Amino acid sequence: MVLVVDGDVASRESHIAALNAAGLPSLSTANAVEGLALLAAEDIALVLCDAALADGSGLDFLARCRTSHRGVPVILTTEEGSLAVALLALRTGVCDYLVKPIPADSLVQVCTRVLQERDVLQQIDRYRRAASCVESPHDLIGSSRPIRELGRLIDSASASRSTVLLTGESGTGKELVSRAIHRRTQGPGGPFVAINCAALPEPLFEGELFGSRKGAFTGAFADRIGFFEAARGGTLFLDEIGDLPLTVQPKLLRAIERKEIVRVGDTRPITVDVRLIAATNRDLKKESAERRFREDLYYRLHVLAITLPPLRERKDDIPLLVDNFVSRFNRDLKKGCLGLEPDALKAAIAYDWPGNVRELENAIERAMHVASTPYLTAADLELVPGGLGPAPVESDDLKTSLARHEAEHISRVLTKARGNRENAARLLGIGPSTLYRKMNELGLHALEPPL
């Protein structure tokens, strides 16, 4: 239901007729008091309010709406030449504005768009509430089908101490899953030891993994245990297993099969009871076929295989992930961020996040450092309009030049449209709210229509 609040009888009746003809049920009133009463009594999805009401300005009505009915969007209508009032309204919470006289098709188009955006935000809120009600014993954030399936696989892997191979794109949370399996595995609670195979130089790898005896090489002044012994009774997590040197792979295979290791410079085997979890973003089957990874080691690791879903396949979880990151960085950075603006959240959901959860986490942290308002914008997240990806990296000179030309072009079009933002937006081929954001970014807030 659309509520029209307008003291002008002709405007009010014209709006009601256009909305009803378009299949948008509506109610109307001439003043703010009755408008607030209707808001409380009826199921109002959108308010169309005139800036000048007989018993108080539309801005006062807006402020009262935001206090008691924050979830209901408001479109402001104003007379020609009242651009400053409209811009002020946009900065205080109005989602859009229209300049009278308003063509019926423009009125219906804007109202339909705002109602569709409201539906999207309500769906996002439902996702968030549903996800927050799901208690995950795996520390997995989300309630999407891929995450529920991942939780089931973690439970299955935790029921034994068999070797697990985690595959998936970078940033999907393979170490998080490995820790969840470790915590839930039955048996003695040994340590969790993680090693990144890509971070160790090949000459040091064997000694780091299996340990070394005193005098085994220059600088070995004492016996030294390796990661296998450090993880005894617990879990050894080998991240980026695809980068394991070929020279070390036979010894790792022996350690897995016999549950024993031999330190560098020694001949005595040492028994180690270790649960091994390996992870990679590579196709190890293809790597083994091309002789870059031992085939027998691949099959030994591939006892229990779990593929982690990329974030683009579980977008329903993005609102809850955002809430989690904002809450954490508020604590860590001593910030007071209230979350994402609706447009920013929609852009985040539309974006495919090739870096997955890690990229989203980094984007939120970076945005909270640079944001100038309590709500993060799409610009703070460095997402281009439409959520198609990160804003391109530009040199300072190019960025400054483009911004200057963009500001000059928008100023010319606004002048041509005699300050009418809706008409200017139509000429520019963008929405009125997008035009306002551009004006805000380019420092055109004080722009007034010509007299």
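# Exercises on sheets, helix packing and local geometry

An open sheet of five strands runs in the order β9-β10-β13-β8-β14, and its pairing is parallel. The model is predicted, and local features need pLDDT of at least 70, side-chain atom pairs count only at pLDDT 80 or more, while totals for chains, interfaces and linings use all residues. Residues are numbered from 1 along each chain as its sequence is written, and side-chain values use heavy atoms, with hydrogens and water left out.

Two terms recur below. Helices (H or I, at least four residues) and strands (E, at least two) are DSSP runs numbered from the N terminus. Two strands pair if DSSP finds at least two bridges between them.

## Exercise 1

Describe the sheet that contains β8, from its edges to the helix lying across it.

Solution. Start with the edges: β9 and β14 (304-307) each pair on one side only. Next, take the turn between neighbouring strands, which is 20 degrees on average with direction ignored. Angles run from 0 to 180 degrees between N-to-C directions, and axes are lines fitted to C-alpha atoms, for helices over the stretch in contact.

Then look at one pairing. Strand β8 (residues 164-167) and strand β13 (residues 275-280) run parallel and are joined by four bridges. Within this pairing, Thr-167 stands opposite Thr-280 of β13.

Last, add the helix. α7 lies across β8, β9, β10, β13 and β14, at about 155 degrees to β8. Contact here means heavy atoms within 4.5 Å.

## Exercise 2

Describe the sheet that contains β6 in the same steps.

Solution. The strand order is β2-β1-β3-β6-β7, an open sheet of five strands with parallel pairing. Its edge strands are β2 (26-29) and β7 (96-99), each of which pairs on one side only. Neighbouring strands are turned by 20 degrees against each other on average, direction ignored.

Strand β6 (residues 74-78) runs parallel to β7, and four bridges join them. Thr-77 has Leu-98 in β7 as its bridge partner. Helix α1 (residues 9-21) lies across β1 (2-5), β2, β3 (46-50) and β6, and runs at about 175 degrees to β2.

## Exercise 3

Classify the packing of α6 against α7 and sort the residues in contact.

Solution. Two packed helices are described by the angle between their axes and the distance between the axes. Helix α6 (residues 145-158) and helix α7 (residues 174-184) pack at about 45 degrees, with axes 8 Å apart. α6 is therefore oblique to α7. The cut-offs are under 35 degrees for roughly parallel, over 145 for roughly antiparallel, 65 to 115 for roughly perpendicular, and oblique for the rest.

The crossing of α6 and α7 is right-handed; a crossing is right-handed if the near helix is turned clockwise from the far one by less than a right angle, and left-handed if anticlockwise. On the α6 side the contact has Leu-150, Ile-154, Asp-155, Ala-157 and Ser-158, which meet Val-177, Ala-180, Ile-181 and Arg-184 in α7. By class, these residues are six nonpolar, one polar and two charged. Ala, Val, Leu, Ile, Met, Phe, Trp, Tyr, Cys and Pro count as nonpolar, Asp, Glu, Lys and Arg as charged, and the others, Gly among them, as polar.

## Exercise 4

Describe how α13 packs against α14.

Solution. α13 and helix α14 (residues 342-350) pack at about 120 degrees, with their axes 10 Å apart. That angle makes α13 oblique to α14, and the crossing is right-handed. Ile-318, Pro-319 and Val-322 of α13 make the contact with Leu-345, Ala-348 and Ile-349 of α14. The contact has six nonpolar residues, no polar and no charged ones.

## Exercise 5

How are the rings of Phe-192 and Phe-237 arranged?

Solution. Rings of Phe, Tyr and Trp (its six-membered ring) pair if their centres lie within 6.5 Å; planes under 30 degrees apart count as stacked, over 60 as edge-to-face and the rest as tilted. The count by this rule is four aromatic pairs. For Phe-192 and Phe-237 the centres are 6.1 Å apart and the planes are at 25 degrees, so the pair is stacked. Phe-192 is in strand β9 (residues 192-196) and Phe-237 in strand β10 (residues 235-239), 45 residues apart.

## Exercise 6

Where is the cis peptide bond between Lys-100 and Pro-101 placed?

Solution. The bond from Lys-100 to Pro-101 is cis, with omega near -5 degrees. Pro-101 is in the loop between β7 and α5 (104-132).
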